[in-house]
Amino acid sequence: MMWYDGGWGWGAWLVMAVMMVLVWALIIAGIVALIRYLTGSHRSDPSGLSPSSAEPGWGSRRAEDLLAERFARGEIDEGEYKRRLMLLREHR
């Protein structure tokens with residue numbers, strides 16, 4: 001009895017093995033991306049830079065933003081806001 005080879009030989013098995021590895025890699029990458037999205041790990045500075053790689057003064061600007069938010073919510077009065085803002089800018 002003769003077996004029909006079809007011309008692929010072991011190449012078909014190799015291609016199938018590589019494809020299976022690629023499929024599983026895509027599935028795992030998708031699960032990791034979904035978990036990162038759902039846990040909020042993708043949220044960072046809008047510029048996409050971490051605080052350590054951003055330009056100098058990133059922390060002081062963030063502090064000024066927080067101070068402005070507190071003032072806007074009425075947690076501190078105008079005098080307190082101006083005093084703290086001056087201190088923040090002085091130590092920049």
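So, how does I27 count: buried, exposed or partly exposed? At 39% relative accessibility, I27 counts as partly exposed, because the buried class stops under 20% and the exposed class starts over 50%. Keep that residue in mind, as we'll come back to it. One thing to say up front, everyone: what you're looking at is a predicted model.

Okay, the overall layout. The chain has 3 helices and 0 strands, and reading along the sequence you get α-α-α. Of its 92 residues, 10% count as buried. The accessible surface of the chain comes to about 8200 Å², and 66% of that belongs to carbon and sulfur atoms.

Let's start with helix α1, which covers residues 11-39. Here's a little check you can do yourselves. Take 1.5 Å a residue, and the 29 residues of α1 should span 42 Å. The C-alpha atoms at the two ends are 42 Å apart, so the expectation and the model agree. Just after α1 comes G40, with a positive phi of about 85°.

Now back to I27, which sits in helix α1. I27 belongs to a nonpolar surface patch of about 760 Å². Its partners in that patch are M20, V23, W24, I28, I31, V32 and I35. If you have the structure open, try colouring those.

Next, the other end of the chain: helix α3, residues 78-90. Same check again. The 13 residues of α3 should span 18 Å at 1.5 Å a residue, and its end C-alpha atoms are indeed 18 Å apart.

Which residues in α3 are buried? They're E80, Y81 and L85. Looking down the axis of α3, the buried residues fall within an arc of 125°, so they line one face of the helix. Over on the other side of α3, M86 and E90 are exposed.

Last stop: the aromatic rings. The count comes to 1 aromatic pair. F71 and Y81 make up that pair, and they're stacked, at 4.7 Å centre to centre with 20° between the planes. Why does that count as stacked? Because planes under 30 degrees apart get that label. The pair also links distant parts of the chain: F71 is in helix α2, residues 58-73, Y81 is in helix α3, and the two are 10 residues apart.

And how do the two partners compare in accessibility? F71, at 33% relative accessibility, counts as partly exposed. Y81 is at 18%, so it counts as buried, given that the cut-off for buried is under 20%.

That's my tour, thanks for listening!

Conventions. Residues numbered from 1 in each chain as written. Predicted model: local features only at pLDDT ≥ 70, side-chain atom pairs only at ≥ 80, totals over all residues. Heavy atoms only, no water. Phe/Tyr/Trp six-rings, centres within 6.5 Å; stacked < 30°, edge-to-face > 60°. Helix = DSSP H or I, 4+ residues; strand = E, 2+ residues; numbered from the N terminus. Buried < 20%, exposed > 50% of the residue type's maximum accessible area, 1.4 Å probe, protein only. Expected span 1.5 Å × (residues − 1). Patch = residues over 30% accessible without salt bridge, like charges linked within 9 Å, V, L, I, M, F, W, Y side chains within 5 Å. Areas by Shrake-Rupley, 256 points an atom, 1.4 Å probe, with all protein chains shown as cover. Salt bridge = Lys/Arg side-chain N within 4 Å of Asp/Glu carboxyl O. Arc of directions from axis to C-beta.
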